[in-house]
2 protein chains.
Amino acid sequence: MTLDDILEEINKADKIAILTHENPDGDAMGSSLAMYHALKNYGKNPDIIIPVHSKVFNCLPGIENIKTESDIEHYDLAISLDCAAINMLNGFANYFENAKVKVCIDHHGTNTMFGDYNYVNPDAPACSEILLVIFEYFGIEVTKDIGTCILTGIITDTGGFKYQGVTAETFEFVAWLLNKGVNVSKVYRQVLQIKTKPNFELHRIANNRMEFLENGKIAYTYITQEDEKNVNAENGDYEGIVENGRDIEGVEVSIFIRQTEKGWKISLRSNDYVNVADACLVFGGGGHPRAAGCTIPGTMEQAKDMIIKEINRLLK
Amino acid sequence: MTLDDILEEINKADKIAILTHENPDGDAMGSSLAMYHALKNYGKNPDIIIPVHSKVFNCLPGIENIKTESDIEHYDLAISLDCAAINMLNGFANYFENAKVKVCIDHHGTNTMFGDYNYVNPDAPACSEILLVIFEYFGIEVTKDIGTCILTGIITDTGGFKYQGVTAETFEFVAWLLNKGVNVSKVYRQVLQIKTKPNFELHRIANNRMEFLENGKIAYTYITQEDEKNVNAENGDYEGIVENGRDIEGVEVSIFIRQTEKGWKISLRSNDYVNVADACLVFGGGGHPRAAGCTIPGTMEQAKDMIIKEINRLLK
């Protein structure tokens, strides 16, 4: 059983690194911090290494323990959370690759199984929800802090309990958290609901540019680096834009393109039947059937045409 | 005990009318339909009278049984749901006033107790959640259809499980519904998430007009009847606009003004401490501490100034 192996490696390890994907969202942050608290409570002293994250998550318990880098080259054990492929490890793939033992815990169906031990459950609505099972198996108590971090992952990756895949267990867990004294509304508000002013302004710009293509089945919009500069955007201030298109009646696929230094970052969401992870795999990306991403170089028009061509093959 | 009296009146009544407030939201629709199904299953044959409602709710079980009017003048029993004052009863206050026995079931703290029997719980996050307690007391089983209607009220009145006041019982109920086979994500998507195109366009217009006042503590915006006409808006297409301002960092009170035939309909939302129901009571309106409304005649600028003056008295 993989979990027995993972627990054995945790028991043996002295130096442990906790890693997650670049541009960490709420599930990446929540899963990493939940693992950090759990290992601390288990008697270990792990490093949690995340170079940059949105200030939205400054409310999370333990956030002050995050390191932006580490001078340890060879960890005994590296645990990657919520990350589908090694090249998405926050630019810190070296800590993972150089570790004696590599563990990958994730919920992406496109996970490339890049660890020595891989515990991947694509049915889990959030990576953090998998940790509930793992901690119980390990006999590690889910404290209020751990619960708050896990809740953050669930809230953000389910769009606030609304996506398919949310289970009865999810809601039972939230009820249990409430009884434990966690202010679910407050966490929800902090990690998902409140928009920064630059975030509001980027939404406004993107919504004003929204185009409906293919008889309204595709919603398309974009923002440039100049837009982000103009509104003083920080990391994460573009969050949520891609959902605006998805939630309009008749739309099957929402496309949001964002200019980055590496090229055009494409975010896709679908509603009923288009597997957007398939469309992204063509360009070396991936994700979930209804939420995926990739990066395409060239001009914005080229990137737009290329991704729409892929999506059109999947549209009914 | 009020509930014993209400059950006795239900047992005695032959002709029963179910009524709710004008511009019915998800809690009004869900509570009314849940009561309709419950009374049918209890062996009664009630009329549910709602003159006009958003097509968003056409997905609700039993929606085809709604009457837009009735030729019965004197009901044995009228039950008002989710309605704080008799003048808000959908223009059908006469059915209530002419009924032999009047029952008021509600969760608004500003309820005027206008029934012969009033069962009002301001702590309930939705009127429909109160019905869970009532049906259990009455010995009426909560079927999948009743559960779906109750869920609709909870989802819409809690903004999708996110407001303060959502209890552990709420989440336990949702878990129970999921186990009963209710597709919570589908209901959520239908009643809260999907925007019609006119709704998206009204949001875009309102967001482009948004002003931040009092050092960003107030967000203000509006739409006119002409805007609604221009985008072919239907009843309910302005829903959600007031929440946009509330969710921006630093904002305590969000004001959304909408032109109606009766005057300027003011919708208010607050975050932490301003009791917006107090601000609305001055103008004959009411609601909840964090969500309330009223109507002010005159010009838009007059209405804007009057409501901001009231809010300023409550701002820190």
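Me: What makes two strands count as paired, as in the hairpin from β10(B) to β11(B)?
Reply: Two strands pair if DSSP finds at least two bridges between them. In this predicted model, β10 (residues 286-288) and β11 (residues 291-296) of chain B are joined by three antiparallel bridges, so the cut-off of at least two is met. One facing pair is B:His288 and B:Ala291. The hairpin passes from β10(B) to β11(B) through two residues.

Me: How do you know that β9(B) and β11(B) pair?
Reply: Six bridges link strand β9 (residues 263-270) of chain B to β11(B), in the antiparallel sense. At least two are required, so the two strands count as paired. B:Lys265, for one, has B:Thr295 of β11(B) as its bridge partner.

Me: Why is β11(B) called mostly covered?
Reply: Five of its six residues are buried. A residue is buried if 20 or more other C-beta atoms lie within 10 Å of its own C-beta, so five residues of β11(B) reach that count.

Me: What makes β2 and β5 of chain B edge strands?
Reply: The open sheet has five strands in the order β2-β1-β3-β4-β5 (chain B), with parallel pairing. β2 (47-48) and β5 (117-120) each pair on one side only. Helix α1 (residues 2-12) of chain B packs on this sheet and touches β3, β4 (101-106) and β5. The direction of α1(B) makes about 125° with that of β5(B).

Me: How do you know that β1(B) and β3(B) pair?
Reply: Strand β1 (residues 16-20) and strand β3 (residues 77-81) of chain B run parallel and are joined by five bridges; at least two are needed, so they pair. Within this pairing, B:Ile16 stands opposite B:Leu77.

Me: Why are α4(A) and α5(A) called oblique to each other?
Reply: Helices α4 (residues 127-138) and α5 (residues 144-157) of chain A pack at about 140°, with axes 7 Å apart. Angles over 145 degrees count as roughly antiparallel and 65 to 115 as roughly perpendicular; about 140° falls in neither range, nor under 35, so the pair is oblique. Residues making the contact include A:Leu131 and A:Leu132 of α4(A) and A:Ile150 and A:Ile154 of α5(A). By class, the contact has six nonpolar residues, two polar and one charged.

Me: Which element gives the most to the side of chain B that touches chain A?
Reply: That is α6(B), with seven residues. The contact takes 30 residues from each of chains A and B. α6 (168-179), α7 (184-193) and α8 (197-208) of chain B each give two or more residues to that side, which has 13 nonpolar, nine polar and eight charged residues.

Technical notes
Residues are numbered from 1 along each chain as its sequence is written. Chains are lettered from A and ligands numbered from 1 in the order in which they are written. This is a predicted model: local features need pLDDT of at least 70, side-chain atom pairs count only at pLDDT 80 or more; totals for chains, interfaces and linings use all residues. Helices (H or I, at least four residues) and strands (E, at least two) are DSSP runs, numbered from the N terminus. Two residues are in contact if their C-beta atoms, placed from the backbone, lie within 7 Å. Axes are lines fitted to C-alpha atoms, for helices over the stretch in contact, and angles run from 0 to 180 degrees between N-to-C directions. Ala, Val, Leu, Ile, Met, Phe, Trp, Tyr, Cys and Pro count as nonpolar, Asp, Glu, Lys and Arg as charged, and the others, Gly among them, as polar. A residue is buried if 20 or more other C-beta atoms lie within 10 Å of its own, exposed if 12 or fewer, and partly exposed in between; C-beta atoms are placed from the backbone.
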